[in-house]
Amino acid sequence: MRVVGGKFRNRALVAPKGRSTRPTSDRARENMFNVIEHAEWCPPIEDARVIDLYAGSGALGIEAVSRGAAFCLFVEMAAEARGAIRTNVDTLQLFGNTRIHRRDATALGEKPSNLGAPFNLVFLDPPYGHDLGPKTLSNLLKGNWVSEDAVAVLEVGVEEEPETPGWEAQVVKEYGAAKVLFLTRA
């Protein structure tokens with residue numbers, strides 16, 4: 001696994017060992033960022049505030065920072081995954097513009113004021129088949145985590161048809177076993 005674009009292009013990333021996480025493939029990540037970078041309904045990645053929920057290795061958030069995002073908050077419960085994110089952040093020296101939170105993404109509550117402005121780019125890659133996306137999307141809005149112009153990128157299994165409360169699908173793409181919904185606030 002590697003960073004596919006931006007200033008860290010081709011730099012290797014580590015993923016947690018085992019089968020508890022399912023990293024987004026390099027090809028799918030590249031295609032996802034092509035949509036994000038060229039859609040008129042998406043705020044620019046340059047200087048974006050990103051939250052990477054169910055972060056796994058942190059590849060999506062790191063990709064955004066590599067492409068110019070100002071800050072990324074990684075939210076992950078699994079200790080091995082947080083260790084992989086920490087290793088990737090250390091290797092790329094992203095100390096000043098990243099943070100890692102051990103928190104359940106379905107129960108974020110109110111956004112703490114010490115995290116700064118709301119996020120305008122959200123990545124959600126929950127475990128497939130558990131219907132975690134709808135609850136997380138709803139809680140992002142309730143807890144004031146996202147800006148009015150926020151875009152959420154939700155990855156689910158290709159057979160899933162998730163509800164997106166408070167969000168509207170702009171584009172839906174399939175990459176192998178994954179379906180990716182690009183959402184704007186409704």
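**A seven-stranded sheet and its helices**

Helix α4 (residues 132-142) lies across β1, β4, β5 (146-157), β6 and β7, and runs at about 170° to β5. Here helices (H or I, at least four residues) and strands (E, at least two) are DSSP runs, numbered from the N terminus, and angles run from 0 to 180 degrees between N-to-C directions, with axes fitted to C-alpha atoms, for helices over the stretch in contact. The model is predicted: local features need pLDDT of at least 70 and side-chain atom pairs pLDDT 80 or more, while totals for chains, interfaces and linings use all residues. Residues are numbered from 1 along each chain as its sequence is written, and side-chain values use heavy atoms, leaving out hydrogens and water.

The sheet itself is a good place to start. It is open, with seven strands in the order β3-β2-β1-β4-β5-β7-β6 and mixed pairing; two strands pair if DSSP finds at least two bridges between them. The edges are held by β3 (98-101) and β6 (167-175), each with a single partner strand, so one side of each has no neighbour in the sheet. On average, neighbouring strands are turned by 15° against each other, direction ignored. Strands β6 and β7 (residues 178-185) pair in the antiparallel sense over eight bridges, and Lys173 stands opposite Val180 in β7. Helix α3 also packs on the sheet, touching β2 and β3, and its direction makes about 170° with that of β3.

Helix α2 (residues 59-66) is largely enclosed by the rest of the structure, because eight of its eight residues are buried (under 20% relative accessible area, with exposed over 50% and partly exposed in between; 1.4 Å probe, protein chains only). Its cover includes α1 (26-38), β1 (49-53), β2 (71-75), α3 (79-92) and β4 (119-124). In the loop between β1 and α2 is Gly58, which counts as buried at 0% relative accessibility. Leaving aside neighbours within four places in sequence, Gly58 is in contact (heavy atoms within 4.5 Å) with Asp52, Phe74 and Ile85.

Aromatic rings add further links. Three aromatic pairs are counted, where rings of Phe, Tyr and Trp (its six-membered ring) pair if their centres lie within 6.5 Å, with planes under 30 degrees apart stacked, over 60 edge-to-face and the rest tilted. Phe33 and Phe123 form a tilted pair, 5.5 Å centre to centre with 40° between the planes. This pair links helix α1 and strand β4, 90 residues apart. Phe71, Phe119 and Trp145 form one aromatic cluster.
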